[in-house]
Amino acid sequence: MNERDSAHIIAELEEKESYQLTENPQEADLILINTCSVREKPEKKLFSEIGQYAKIKKGDAKIGICGCTASHLGDKILKRSKAVDFVLGARNVSKISQIIHQNRVAWVDIDYDDSTYVFSQNQHSALKGMINISIGCDKKCTYCIVPHTRGNEISIPSDLILQEARRLAESGTKEILLLGQNVNNYGRRFSGAHRAINFTQLLNEISQINGLERIRFTSPHPLHMDDEFILEFAQNPKICKAIHMPLQSGSSEILRKMKRGYSKEWFLNRVEKMRHLIPELSIGTDIIVGFPTESEDDFLETLDVLEKVRFDTLYSFIYSSRPHTEAHHWLEMEQVHLIDEEIAKERLMRLKDRHKEILTQDNAKQVGRIHKVLVESYDAQNLWLEGRSDTNKLVRIKAGRDLVGSLCNVRITEVKGAQLIGELA
């Protein structure tokens with residue numbers, strides 16, 4: 001999502017302000033740092049980066065801070081660093097061409113609605129494109145700062161999404177990634193009188209666009225994975241058979257405290273239904289270990305889900321307390337306490353180690369199988385093609401010709417870590 005925000009900012013500045021990208025910060029007239037605040041560590045790195053750029057920039061160059069940390073800290077960034085010229089929140093990206101002409105201001109209105117704003121168009125990669133389908137988040141997960149930095153959820157009108165998808169397809173884009181905090185909650189709220197449509201219907205309509213070969217999306221919420229959605233996902237040939245399902249915890253009790261809205265049993269039921277319809281389905285997830293009050297038994301429930309689902313990708317982190325969240329309030333009021341750091345680290349390592357073992361076992365079974373791969377690059381020197389399978393696995397292909405942009409059947413002959421190696425079938 002931050003990548004897409006950055007692309008919007010770049011396109012707006014290129015079209016409306018005649019800026020051009022440079023790889024050299026010392027020659028830049030404008031340096032923008034787009035930030036994330038989901039965890040504490042990236043936020044702490046911000047001021048170090050500001051200091052580094054302030055030392056090497058041209059005398060009249062401006063520094064702007066954008067994104068979620070901008071929303072969260074606002075004018076505190078200006079007070080802490082004299083080197084920063086402006087702060088632009090994640091919900092205010094469409095104002096970039098205005099704020100660059102201001103000095104020492106912070107625009108961080110999380111209620112600002114740019115859901116119908118048509119951004120300048122300039123996606124540098126024609127093969128794959130990204131489209132926002134919603135902004136903000138209505139969930140109240142007790143660990144998450146996103147609603148405070150990106151505001152309430154608003155769906156982008158379907159006619160704008162379809163218009164953008166058609167434009168991309170006409171320009172040669174083969175695959176699009178639909179973006180939203182909870183994509184399958186799409187259609188719950190629009191900013192005005194727009195056509196009523198849900199995520200399943202949107203997927204179906206996008207899939208009918210000529211020239212578009214693949215559709216991916218991130219992230220769906222397990223709570224909204226109803227049977228209608230699962231059937232469309234399974235039966236629509238243009239929808240890639242890889243899905244990211246953020247679990248967060250395998251303990252129903254911890255999920256309740258996180259206010260995730262589903263139980264361990266519901267999550268496993270959705271996985272079972274999808275795997276019954278799509279045996280080759282690839283599933284990724286997010287897991288937080290060390291959430292306040294997590295016991296060893298709670299953690300073992302998470303390991304149990306890992307064993308049952310055998311996730312293809314896993315993003316796992318130790319719980320990071322974030323301001324403006326309910327869990328942070330519990331800690332401040334000493335209603336709960338943080339899990340001992342060494343215990344949390346040990347649990348994270350157990351989780352990661354077991355996941356590596358599962359990946360090694362499951363990837364070995366890929367030898368001999370045929371995957372449909374969208375070729376994204378060609379190494380003419382070593383005669384390698386590289387791309388992603390329908391199930392989102394990275395595949396290198398021994399080939400003597402450039403097939404970038406093609407969908408190729410590839411027979412897997414070898415496995416190296418998470419990478420599959422094959423030959424044209």
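Contact here means that heavy atoms lie within 4.5 Å of one another, and in that sense S158, I161 and L162 in helix 7 meet L202, E205 and I206 in helix 8. The structure is a predicted model, and the points below take up this helix pair, an open sheet with the helices that lie on it, a closed barrel, and a few backbone details in loops. The open sheet has four strands with parallel pairing, whereas the barrel is closed by five strands whose pairing is mixed.

**Helix 7 and helix 8**

- Helix 7, which covers residues 158-170, packs with helix 8, residues 199-207, at an angle of about 30 degrees, and the two axes are 10 Å apart.
- Because angles under 35 degrees count as roughly parallel, helix 7 and helix 8 are roughly parallel to each other.
- The crossing that helix 7 makes with helix 8 is right-handed.
- Sorted by class, the residues in the contact of helix 7 with helix 8 are four nonpolar, one polar and one charged.

**The open sheet and its helices**

- The four strands of the open sheet follow the order 1-2-3-4, and their pairing is parallel.
- Strand 1 (30-35) and strand 4 (105-107) are the edge strands of this sheet, each of them pairing on one side only.
- From one strand to the next, the twist of this sheet averages 15 degrees.
- Six bridges link strand 1 with strand 2, residues 62-67, in the parallel sense, and I31 stands opposite I63 of strand 2.
- Helix 1, made of residues 2-16, lies across strand 1 and strand 2 and runs at about 155 degrees to strand 1.
- Helix 2, made of residues 40-56, also packs on the sheet, where it touches strand 1 and strand 2, and its direction makes about 170 degrees with that of strand 1.

**T35 in strand 1**

- T35 is found in strand 1, and with a relative accessible area of 7% this residue is buried, since buried means under 20%.
- Leaving aside residues up to four places away in sequence, T35 touches N2, L46, I65, C66, G67, C68, T69 and A70.

**The barrel**

- Five strands close into the barrel in the order 13-14-15-17-16, with mixed pairing.
- The twist in the barrel averages 50 degrees from one strand to the next.
- Strand 16 (residues 407-416) and strand 17 (residues 419-424) run antiparallel and are joined by six bridges.
- For K416, the bridge partner in strand 17 is Q419.

**Backbone details in loops**

- T218 and S219 are joined by a cis peptide bond, with omega at about -5 degrees, and S219 has its place in the loop between strand 9 (214-218) and helix 9 (227-235).
- Q248, a residue other than glycine, has a positive phi near 75 degrees; Q248 is found in the loop between strand 10 (242-244) and helix 10 (252-258), where its relative accessible area of 7% makes it buried.
- T293, again a residue other than glycine, has a positive phi near 80 degrees; T293 lies in the loop between strand 11 (282-289) and helix 12 (296-309), and with a relative accessible area of 32% T293 is partly exposed.

Definitions and conventions: Residues numbered from 1 in each chain as written. Predicted model: local features only at pLDDT ≥ 70, side-chain atom pairs only at ≥ 80, totals over all residues. Heavy atoms only, no water. Helix = DSSP H or I, 4+ residues; strand = E, 2+ residues; numbered from the N terminus. Buried < 20%, exposed > 50% of the residue type's maximum accessible area, 1.4 Å probe, protein only. Pairing = 2+ DSSP bridges. Axes fitted to C-alpha atoms, helices over the stretch in contact; angles between N-to-C directions. Parallel < 35°, antiparallel > 145°, perpendicular 65-115°, else oblique. Left-handed = near helix turned anticlockwise from the far one by under 90°. Nonpolar A, V, L, I, M, F, W, Y, C, P; charged D, E, K, R; others polar.
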